[in-house]
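Q: I'm new to this one. Can you walk me through it?
A: Sure, here it is.

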Amino acid sequence: MSIVWEDGRRYEITRVKDCVPGASRRAGGAGLVYTCIVDGKEVHLYFEDCPGGAKWFLESKA
């Protein structure tokens, strides 16, 4: 599976390790946090279903 950002960047998701309710540190909204392996690195992929449309955020593991 892959995610394509609005600017054309593509991230290949090789594995989803976990999915829990949470909030993005960057955007502060509530949604789902997917812990994934993307391009060989563990990252947090945030999904927020907002009134203006769904948003995805990618944050590296701290």
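**Pocket first**

A: Strand E1 (2–4) and strand E5 (53–60) each supply at least two residues of the largest pocket's lining. Strands (E, at least two residues) are DSSP runs, numbered from the N terminus. A pocket, on a 1 Å grid over the protein atoms alone, is an open set of points where a 1.4 Å probe fits, with protein on both sides within 12 Å along at least five of seven lines; lining residues have an atom within 4 Å of a point.

Q: What kind of model is this?
A: This is a predicted model, where local features need pLDDT of at least 70 and side-chain atom pairs count only at pLDDT 80 or more, while totals for chains, interfaces and linings use all residues. Residues are numbered from 1 along each chain as its sequence is written, and side-chain values use heavy atoms, with hydrogens and water left out.

Q: Which residues line the largest pocket?
A: Ile3, Val4, Trp5, Glu6, Ala54, Lys55 and Trp56. E5 gives the largest share, 3 residues.

Q: How does the lining of the largest pocket divide into nonpolar, polar and charged?
A: There are 5 nonpolar, no polar and 2 charged residues. Ala, Val, Leu, Ile, Met, Phe, Trp, Tyr, Cys and Pro count as nonpolar, Asp, Glu, Lys and Arg as charged, and the others, Gly among them, as polar.

Q: New topic. Which residues make up the largest nonpolar core?
A: Ile3, Trp5, Tyr11, Ile13, Cys36, Val38, Val43 and Leu45, 8 residues. Strand E2 (10–23), strand E3 (30–38) and E4 each supply at least two of them. Such a core is a set of buried Ala, Val, Leu, Ile, Met, Phe, Trp, Tyr and Cys residues joined through side-chain atoms within 4.5 Å. Buried means under 20% relative accessible area, exposed over 50%, partly exposed in between (1.4 Å probe, protein chains only).

Q: What does Val38 contact beyond its neighbours within four places in sequence?
A: Tyr11, Glu12, Ile13 and Val43. Contact means heavy atoms within 4.5 Å.

Q: How many disulfides are there?
A: A search of the whole structure finds 0. A disulfide here is a pair of cysteine sulfur atoms within 2.5 Å.

Q: Why is Cys19 not bonded to Cys36?
A: Because the Cys19 sulfur is 8.5 Å from that of Cys36, its closest cysteine sulfur, and that is too far for a bond.

Q: Is Cys36 buried or exposed?
A: Cys36 is buried, at 1% relative accessibility. Cys19 is partly exposed, at 37%.

Q: Last one. Where is Phe47?
A: Phe47 sits in strand E4 (residues 41–50). Phe47 is partly exposed, at 23%.

Notes:
Helices (H or I, at least four residues) and strands (E, at least two) are DSSP runs, numbered from the N terminus.
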